[in-house]
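Trainee: I should be grateful for a close look at one part of this model, the largest nonpolar core. Which residues and elements build it, and what surrounds them?

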Amino acid sequence: MTASSPLIDLDALRLDDARALLDHGGTELPSPGDGAAAYLQRMIDRLCELSLRDPLTGLANQRQFRTVLNREIEIVARSGNSALLLMLDIDQFKKVNDTHGHLAGDKVLQAVAKCVNGCVRPQDTVARYGGEEFGIVMPDCQAAYGETVAERIRQSVANLSITISPVLQLQVTTSVGGAFAPVWVRSTADLWIERADTQLYLAKAQGRNRVCIDHQQVISVSAEEKSLLFGSLVLAEGAWSEPGEHNTPTFS
């Protein structure tokens, strides 16, 4: 075996489980016709894709969602670009499951996922965050546009007529909360989600089927976010002037 022409015996590899997993996940199986190395690479690529996807809705799963969040936080911290996180929850979803069963609930989740995914740009990431909650990461998103998209999502879901059976159609509503990432601050995914969730809870408290967005990108930097921004700085002796009791530090 050489590095330039590796010899791979596909028959010696235990790929049956991998093939079954891809087949069950609705992923087209690669063909070994182009050679063993190319076949194996396509198998690996498709398994990676499958591991980042929610099996019910086909959206990004929570693992991929957090990866995108962390990447966007880094971009915003370096560039100052505006990025919006929306958290969306199906109102009174438990009632759907309790009244019509979990299969009906699954159809509602699939319909809402498809609807939401159709309301955003290709560069936006829509994920199933958990249960009946979805997350949407929108990079390079100005305030007016973000609010417009959030309202479009709310209205589009409310207008859906979801076919559960030949004799049953359901309609649901959603509450949407959003928060812009604080610019020039290297925050965390958890803090960003927490701020968006706070707005989501506010939308629920105000009667559901509405949008609440925190537009304060710089002012609403929490104490923990400030610590993340400044905590790693090493203050050399004399680099800072001595602050008074109620003053902020200034460079000397």
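Mentor: The following account begins with the core and then turns to two helices, a second core and a strand-helix-strand unit.

The model is a predicted one. Its largest nonpolar core has 32 residues, and the members that touch the most others are Leu86, Val108, Val112 and Ile153. Two or more residues each come from β1 (84-90), α4 (93-100), α5 (102-117), β3 (133-138), α6 (143-158), β4 (162-165) and β6 (174-180). Among these contributors, α5 gives the most, namely seven residues.

The helix α5 therefore merits attention in its own right, since buried means under 20% relative accessible area and its buried residues are Ala104, Gly105, Val108, Leu109, Val112, Ala113, Cys115 and Val116. The 16 residues of α5 reach 22 Å from the first C-alpha to the last, close to the 22 Å expected at 1.5 Å a residue. Val112 illustrates the contacts made from this helix: leaving aside residues up to four places away in sequence, Val112 touches Leu88, Ile90, Phe134, Val157, Leu160 and Val172.

A second core, separate from the one just described, has 20 residues, including Leu69, Ile73, Ala83 and Ala179.

The helix α6 also has 16 residues, with a reach of 23 Å between its first and last C-alpha, close to the 22 Å expected at 1.5 Å a residue. Buried in α6 are Gly146, Val149, Ala150, Ile153, Arg154 and Val157. Viewed down the axis of α6, these buried residues fall within an arc of 135 degrees, so they line one face of the helix. The cover over the buried residues of α6 includes β1, α5, β3, β6 and β7 (211-214).

The strands β6 and β7 are also paired with each other: they run parallel and are joined by four bridges. Gly177 has Cys212 in β7 as its bridge partner. Together with α7, the strands β6 and β7 make a left-handed β-α-β unit.

Within the helix of that unit, α7 (residues 189-205), lies Gln199. Gln199 has a relative accessible area of 14% and is buried, because the limit for that class is under 20%. Apart from residues up to four places away in sequence, Gln199 touches Gly177, Gly178, Cys212, Ile213 and Asp214. The bridge partners Gly177 and Cys212 are thus both among the contacts of Gln199.

Key:
Residues numbered from 1 in each chain as written. Predicted model: local features only at pLDDT ≥ 70, side-chain atom pairs only at ≥ 80, totals over all residues. Heavy atoms only, no water. Core = buried A, V, L, I, M, F, W, Y, C linked by side-chain atoms within 4.5 Å. Buried < 20%, exposed > 50% of the residue type's maximum accessible area, 1.4 Å probe, protein only. Contact = heavy atoms within 4.5 Å. Expected span 1.5 Å × (residues − 1). Arc of directions from axis to C-beta. Pairing = 2+ DSSP bridges. Right-handed = clockwise from strand over helix to strand, strands pointing away.
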